[in-house]
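Got your viewer open and a selection box ready? Let's take a walk through the empty spaces in this fold, then stop at one place where two helices pack.

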Amino acid sequence: MESPNRTSAQEFIFSAFPHSWGDSVLCFVPLLFIYAFIVVGNLVIITVVQLNAHLNTPMYFFISALSFLEIWYTTATIPKMLSSLLSERRSISLNGCLLQMYFFHSTGISEVCLLTAMAFDRYLAICSPLHYPTIMTPKLCAQLTLGCCVCGFLTPLPEIAWISTLPFCGSNHLEHIFCDFLPVLRLACTNTRAIIMIQVVDVVHAVEIITAVTLIVLSYVGIVAVILRIRSAEGRRKAFSTCVSHLTVFLLFFGSVALMYLRFSATYSLFWDTAIALSFAVLSPFFNPIIYSLRNKEIKEAIRKHMGQAKNFFHKTRDLQ
């Protein structure tokens, strides 16, 4: 039971942002550009996949689903970061903080599950090409994607519900750029419960990440084993090229996520905490549209075709005027 003179904090103040106005604007401009690029880039990928019949395959279905999740994953944190950079009082309500944590982690876990499903898709396509069309049907693709989202949106609920019962008193300065489990738990009044909760959160994240990484690595072990048995160098190159984009996104995303959530008792300075958080919350989503468009010949050609059509349409419209 809380003592009468102890009041629970109803808002948190982000203390990891630059203090000077000039530095804040210097951070605001590139962050705004990155967020706009993420949203527009992923919308372009979704639109191109939907408009081109030859891209209606399981691989591109999963890519467009990942692009959709990326938009919401970044929207959970970046708009609040942008407003905080231009605000004198960089605060967020307790309920707003809980909601931000929930949507950030639910979309993030959905992405982890989806990347695992994409590895399974590549494994079937390369290791069982004859059975692939009959196994990876549009219905199964939709079921896998729905299952990833259900898993993603259910998994963080117990953690969020538990954190919502904790009293927060004393300092309400959150040493981070957005609400996340460990920085918020450090502000809880009840040390014993908070320590237990931190350990539980560490274990849950470790299980999620290690399970996904294990399944993806096993898929690629099978893929590499099959590719090495292909006799022609051109055949090996073609088979592996279908996996390069997914493998790059996997390494980029999981590398930074592992640094943040598989550290257990290890602690980083505020600078490195912020840098690692930016790498998986901002930079990884920023590179994904580039990886899936610039490294993918079919998407590049489809984008080029639609840009040409748009250019011709505007030229005809101008001529008619």
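Start with the enclosed spaces: the count comes to 2 cavities of 30 Å³ or more. Keep in mind as you click around that this is a predicted model.

**Stop 1: the largest cavity**

Select His-105, Ile-109, Val-112, Val-257 and Tyr-261, the lining residues that lie nearest the centre of the largest cavity. The full lining has 13 residues, and the space inside is about 180 Å³. Now show helix 4, helix 9 (191–228) and helix 10 as ribbons, since each supplies at least two residues of that lining. Which helix gives the largest share of the lining? That's helix 4, with 5 residues. Colour the lining by class and you get 9 nonpolar, 3 polar and 1 charged.

**Stop 2: the second largest cavity**

Keep Tyr-261 selected, as it also lines the second largest cavity. Add His-176, Asp-180, Leu-182, Pro-183, Met-260, Arg-263 and Asp-273 to complete this lining. The space here is about 50 Å³. Helix 10 turns up again, supplying at least two residues, and so does helix 8 (181–185). By class, this lining divides into 4 nonpolar, 1 polar and 3 charged residues.

**Stop 3: the largest pocket**

Time to move to the open spaces. Select Met-59, Tyr-60, Ser-241, Thr-242 and Glu-298, which lie nearest the centre of the largest pocket among its 20 lining residues. Helix 2 (58–75), helix 4 (94–127), helix 10 (233–261) and helix 12 (297–320) are the elements that give two or more residues to this lining. Highlight helix 10 for the largest share, 6 residues. How much space lies in this pocket? About 550 Å³. If you're thinking about the character of the wall, the lining splits into 6 nonpolar, 7 polar and 7 charged residues.

**Stop 4: the second largest pocket**

Next, select Cys-27, Leu-31, Leu-85, Ile-177 and Leu-278, the residues nearest the centre of the second largest pocket. Helix 1 (21–51), helix 3 (78–85) and helix 11 (270–294) are the elements that give two or more residues to its lining. Helix 11 gives the most, with 5 residues. The pocket has a volume of about 250 Å³, and 15 residues line it. Switch the colouring to class once more: 14 of the lining residues are nonpolar, 1 is polar and none is charged.

**Stop 5: helix 4 against helix 7**

Hide the pockets and leave just two helices on screen. Packed pairs like this are described by the angle between their axes and the distance between the axes. Here the axes of helix 4 and helix 7 (residues 157–164) come within 10 Å and cross at roughly 165 degrees. Anything over 145 degrees counts as roughly antiparallel, so that is how helix 4 runs relative to helix 7. Is the crossing left-handed or right-handed? Helix 4 passes helix 7 in a right-handed crossing.

For the contact itself, show side chains for Leu-98, Met-101 and Tyr-102 in helix 4, then for Leu-157, Ile-160, Ile-163 and Ser-164 in helix 7, which they meet. Going by class, this contact has 6 nonpolar residues, 1 polar and no charged ones.

Before you close the session, bring helix 4 back with the spaces switched on: it gives two or more residues to the lining of the largest pocket, and it also supplies the largest share of the largest cavity's lining.

Definitions and conventions: Residues numbered from 1 in each chain as written. Predicted model: local features only at pLDDT ≥ 70, side-chain atom pairs only at ≥ 80, totals over all residues. Heavy atoms only, no water. 1 Å grid on protein atoms, 1.4 Å probe; cavity = no way out; pocket = protein on both sides within 12 Å on 5 of 7 lines; lining within 4 Å. Points joined across faces, edges and corners; volume = space filled by probe spheres on them. Helix = DSSP H or I, 4+ residues; strand = E, 2+ residues; numbered from the N terminus. Nonpolar A, V, L, I, M, F, W, Y, C, P; charged D, E, K, R; others polar. Axes fitted to C-alpha atoms, helices over the stretch in contact; angles between N-to-C directions. Parallel < 35°, antiparallel > 145°, perpendicular 65-115°, else oblique. Left-handed = near helix turned anticlockwise from the far one by under 90°. Contact = heavy atoms within 4.5 Å.
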